[in-house]
Amino acid sequence: MTRVFLDATTLISLGSIGELELLTNFSGDLVVLPAVQSEVDTEPARTNLQSFLESNGIDYGGHGYEEQIPRAMSLLEESERNGDVEIIAAVLALREEGRPTGVVSDDRRLRTTADAFGATVTGTIGVVVRAVDEGLSVSAGLDILERIDSRGLHMTGELRDKAESLIREASEEH
C-alpha cells in the first residue's frame with residue numbers, strides 16, 4: 001500500500017480552516033512524521049491536526065528511515081533534522097524497498113526532491129481538486145480555495161485561476 005507523507009505546509013493550510021478531512025480522499029496510508037507534526041505550531045491548525053490524527057488513526061511513521069537521514073540532509077542541504085528531511089528519508093527508504101510513496105506539500109524544494117526519487121507529489125490545491133473529483137461540489141471546492149487564500153496560502157492571480165480551472169475540470173470528469 002502507498003504511504004502518503006503529509007508536510008506541515010499543507011497541514012497548516014488545511015488545519016487553519018478546519019479542512020484536514022479532505023486528506024482522507026487519498027488512497028493509501030496517511031503519515032505525519034514526528035518532526036512534521038512539531039512544525040505545525042500555530043492555532044487552530046495544531047489543535048485541528050491533533051484531533052484529525054486521533055480520529056483517523058493516522059500513522060506517525062517515524063520508524064525504519066533513520067539510516068536515510070544523513071543522505072536526506074545532504075540532498076536538501078540541511079544542517080539540522082526537520083520535517084522535510086524526515087519525509088525525504090522516508091521516500092528514499094521506501095524507494096529502496098520498491099514501495100510507492102506520495103508526498104503532499106506546498107514546499108517546492110521538497111516536492112522537486114521527492115519527485116526526483118519517484119514519489120507522487122501534490123499540494124494543498126491538489127487536495128481540494130481531488131476532493132472535488134471524489135464528489136465535493138464545485139461551490140464547496142471554490143469556497144475552500146477562497147478560505148485557504150484568505151488564511152495563509154496566498155496565491156498569485158495566475159495560480160488562483162489555475163486552481164479554479166482544475167476544480168471545475170475535476171467536477172466535469174464525474
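**Helices, pockets and backbone angles**

User: α1 is followed by Gly 18, so to speak, at its exit: what value is the phi of Gly 18 near?

Analyst: This is a predicted model, and Gly 18 comes after α1 in it. The phi of Gly 18 is positive, and its value is near 70°.

User: How many of the 9 residues of α1 are buried?

Analyst: The cut-off for buried is under 20% relative accessible area. Ala 8, Thr 10, Leu 11, Ser 13, Leu 14, Gly 15 and Ser 16 of α1 fall in that group. α1 is largely enclosed by the rest of the structure, because the number of its residues that are buried is 7.

User: OK, what covers the buried residues of α1?

Analyst: Both strands and helices do the covering here. On the strand side there are β1 (3-6) and β3. The helices include α2, α3, α7 and α8.

User: Is α1 roughly parallel or roughly perpendicular to α3?

Analyst: Helix α1 (residues 8-16) packs on helix α3 (residues 45-56) at an angle of about 100°, and their axes are 8 Å apart. Angles of 65 to 115 degrees are the ones counted as roughly perpendicular. That makes the arrangement of α1 and α3 roughly perpendicular.

User: Which residues in α3 do Leu 11, Ile 12, Gly 15 and Ser 16 in α1 meet?

Analyst: Leu 11, Gly 15 and Ser 16 are among the buried residues of α1. Together with Ile 12, they meet three partners in α3: Ala 45, Asn 48 and Leu 49.

User: And by class, how many charged residues does the contact of α1 with α3 have?

Analyst: The contact of α1 with α3 has 4 nonpolar residues and 3 polar ones. The count of charged residues there is none: it has no charged residues.

User: Which peptide bond partner does Glu 43 have across the cis bond?

Analyst: The partner sits in the loop between α2 (34-39) and α3. Omega is about 5°, and the cis peptide bond joins Glu 43 to Pro 44.

User: Is Glu 77 buried or exposed?

Analyst: Glu 77 is in the loop between α4 (69-76) and α5 (83-96). Its phi is positive, about 55°, although Glu 77 is not a glycine. With 74% relative accessibility, set against a cut-off of over 50%, Glu 77 counts as exposed.

User: On to α7: how many of its 10 residues are buried?

Analyst: The buried ones are Thr 124, Ile 125, Val 127, Val 128, Val 129, Ala 131 and Val 132. They pack against α1, β3, β4, α8 (138-150) and α9. That fits a helix that is mostly covered, with the buried count at 7.

User: What relative accessibility does Val 132 have?

Analyst: Val 132 lies in helix α7 (residues 124-133). In space, Val 132 is 23 Å from Ala 119, C-alpha to C-alpha, and the two are 13 residues apart in sequence. Val 132 counts as buried because its relative accessibility is 1%.

User: Just after α7, what phi does Gly 135 take?

Analyst: Gly 135 comes just after α7. Its phi is positive, at about 125°.

User: Which element gives the most to the lining of the largest pocket?

Analyst: The largest pocket has a volume of about 270 Å³, and 13 residues line it, with Asp 106, Arg 111, Gly 123, Ile 125 and Leu 159 nearest its centre. By class that lining has 5 nonpolar, 4 polar and 4 charged residues. At least two residues each come from α6 (108-116), α7 and α9 (157-172). With 4 residues, the one that gives the most is α9.

User: And how many charged residues are in the lining of the second largest pocket?

Analyst: The second largest pocket holds about 210 Å³ of space. Its lining has 13 residues, and Val 4, Phe 26, Gly 102, Thr 120 and Arg 130 lie nearest the centre. The largest share, 4 residues, comes from β3. The lining divides into 5 nonpolar and 7 polar residues, with the charged count at 1.

User: Thr 101 lies in strand β3: is it buried or exposed?

Analyst: Thr 101 touches Thr 2, Arg 3, Phe 5, Val 91, Leu 94, Ala 119 and Thr 120, leaving aside residues up to four places away in sequence. Its relative accessibility is 5%, so Thr 101 counts as buried.

How values were computed. Residues are numbered from 1 along each chain as its sequence is written. This is a predicted model: local features need pLDDT of at least 70, side-chain atom pairs count only at pLDDT 80 or more; totals for chains, interfaces and linings use all residues. Side-chain values use heavy atoms; hydrogens and water are left out. Axes are lines fitted to C-alpha atoms, for helices over the stretch in contact, and angles run from 0 to 180 degrees between N-to-C directions. Angles under 35 degrees count as roughly parallel, over 145 as roughly antiparallel, 65 to 115 as roughly perpendicular and the rest as oblique. Contact means heavy atoms within 4.5 Å. Ala, Val, Leu, Ile, Met, Phe, Trp, Tyr, Cys and Pro count as nonpolar, Asp, Glu, Lys and Arg as charged, and the others, Gly among them, as polar. Buried means under 20% relative accessible area, exposed over 50%, partly exposed in between (1.4 Å probe, protein chains only). On a 1 Å grid over the protein atoms alone, a cavity is a set of points where a 1.4 Å probe fits but cannot get out, and a pocket is an open set with protein on both sides within 12 Å along at least five of seven lines; lining residues have an atom within 4 Å of a point. Grid points are joined across faces, edges and corners, and a volume is the space filled by probe spheres set on the points.
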